[in-house]
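Please look at the sequence and the structure shown here. The paragraphs that follow lead from the surface to the interior and then to a pair of helices.

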Amino acid sequence: LREPRAVRRRRAPTPSDLEMARHTTDSAATNKWAGVIIASLLASAALGAALDAWLRRRQRRDGGNEQQVERRPVFWSLFLLTSSYVVLIPGLVVTIFEYDLSLSFFGVVKPLGSNSEDTLGLLRSLSKEAPLGAAFLCLFAMVVPAVKVVLLILGACLQRGGSADHMRWARRCIVSVQVVSKWASPDMFVYILMLCLFRNLNKPPSLLSEMQLGLGFTCFSAFCVGSTIASLGIRMPSLPEEAQDAAAPDEKTGAVAMPSVMPTSRWGRMAQVAVVVLAVSFAVLLCVGVTLPCMELHLDMNLLYVAQPSLKELSFIIDSLGLPDLMHTQVSVLDTIQHTCAWALKGDVNAGIAFLMYAVLVALVPILDMLLLLVLAAISARSAKPSQVSKMQQTLRAISHVLRKVGMLDVSLVGVFVVVLSLTTLRKDGVILSMSGGALALLGAEVCHYLTAFLVGVLLRRPASPATQHDKAASDDRKALDSVSTGLESSHSGSCSSDDASSGDDSWEDVEVGSLPVNVAQSGVEVRAQ
């Protein structure tokens, strides 16, 4: 029966009402500031893009050359990278998450755990209880961002050298930043998985569990995604003209060097069949891994009674409530996507970030990359000129490289490993956290993804055809002989006597090999000068 309205007005608020009001206020403030942070990063990138567009129009109007464009930084990337590192600082010191776990029976609430952590505080607590988990957390949250900054500064300094070797090392630094950039994100997936675990444990009225992601999560997520995207926009320094001809195709694009196989050869056909098999395996393993649980949590009552002796007296009540069943929960990628989407629709900004991370970067991007790799393999098999790579293949391969650098299926698997490793300290309290079969299936899918990318790269790396090699060799010989003739004309212009000139006979001299350029002397070309 409902209470009369007058009684409801006079009734004093209970502690649960006050706690709910506090959570509501905190969530509203977090959502407001999270929106401000995300809008600030988008505004900085938009401002940089507008500046880039204005500079391009001004250069076309003034008739500037391409070298000036290459020396100018990409401002949208620079602004986004700078703003990402600015929000990293509060991401390390502001609250990342807060949770509250308690039992309720017959109106009596027994707290099981309640805490609020930031990254630095979590590192301090894990360093005492789980040193290996603290090491991984420090590696991803602090070491990787610091290494990215060092590589960017080193690359900028090397570009000032101007030589071919300096430019090559500068390119390697930038490529390393692009590859390493996403590996600052496993900690973010740790917090998302913990959010799903604690909220799945909420089974009122017996078990009450709540967890909220704070502004620290917003800032750290903004840094991870913003710095990863910004690193892809950094302009690659060009090699000098004399070094561009000698550079390999992979060195020009910044890709990893791979062996070459002609698609029409026996090994090429075997590689194409392997690509199809790997793609089918990827699809099957991904579907299995997304639907199966990747992490499981359950309660060991014996360990719980040892950690909480006061609960031993209430064991008959706890057993009647079925606490082990209440404390048993599983998390899969599909459940994470569905739950974060539902929470985001209720106005939770951090849940919306978590949804985008799992739905787009973990699930969608690897699928799109595999489709592009299949298209590239099919185009290479049907190419009219097997020894050449078309512009469309180059464009699709560049898009595939970008997708592989922002796809985070592998990063999320590392996050699962880190959260299981970090929460092993809960075992003494009776809480057992372990990996499940879904994580292994996702690992197999990512291995198939990497192998497919490698084989497609092998198929697309064309060896130079014999005709091309012959033309290059002939061009080198012509250049060498031209340099020899120029040197001989200058050195022997005054050596011919007037008698020899008047006699009209052709007088020849043998030229010493030591006076020839090195490339001609080594090629065995016999040169005689008149």
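About 28300 Å² of the protein is exposed, and 63% of this area is supplied by carbon and sulfur atoms. The model is a predicted one. Of its 530 residues, 42% count as buried. The protein has 24 helices and 8 strands. Among contacts with a separation of 6 or more, 78% join residues that are 24 or more positions apart.

The interior may be considered next. The largest nonpolar core comprises 103 residues, and Phe189, Tyr191, Met295 and Met327 are those with the most contacts inside it. Helix α18 (residues 349-381) contributes the largest share of this core, namely 15 residues. Another core, of 5 residues, lies apart from it; Leu151, Leu158, Ala170 and Cys173 are among its members. Which residues does Met327 contact, leaving aside its neighbours within four places in sequence? These are Leu101, Leu201, Leu207, Leu297, His298, Leu299 and Val431.

A pair of helices completes the account. The axes of helix α6 (residues 131-159) and helix α20 (residues 409-422) come within 8 Å and cross at roughly 140°. Angles over 145 degrees would count as roughly antiparallel; α6 and α20 are therefore oblique to each other. Their crossing is left-handed. On the side of α6, the contact is made by Leu132, Gly133, Phe136 and Phe140. Helix α20 takes part through Val414, Phe417, Val418, Leu421 and Ser422.

Key
Residues are numbered from 1 along each chain as its sequence is written. This is a predicted model: local features need pLDDT of at least 70, side-chain atom pairs count only at pLDDT 80 or more; totals for chains, interfaces and linings use all residues. Side-chain values use heavy atoms; hydrogens and water are left out. A nonpolar core is a set of buried Ala, Val, Leu, Ile, Met, Phe, Trp, Tyr and Cys residues joined through side-chain atoms within 4.5 Å. Buried means under 20% relative accessible area, exposed over 50%, partly exposed in between (1.4 Å probe, protein chains only). Helices (H or I, at least four residues) and strands (E, at least two) are DSSP runs, numbered from the N terminus. Contact means heavy atoms within 4.5 Å. Accessible areas come from the Shrake-Rupley method with a 1.4 Å probe; for residues, only the protein chains shown count as cover. Axes are lines fitted to C-alpha atoms, for helices over the stretch in contact, and angles run from 0 to 180 degrees between N-to-C directions. Angles under 35 degrees count as roughly parallel, over 145 as roughly antiparallel, 65 to 115 as roughly perpendicular and the rest as oblique. A crossing is left-handed if the near helix is turned anticlockwise from the far one by less than a right angle, and right-handed if clockwise.
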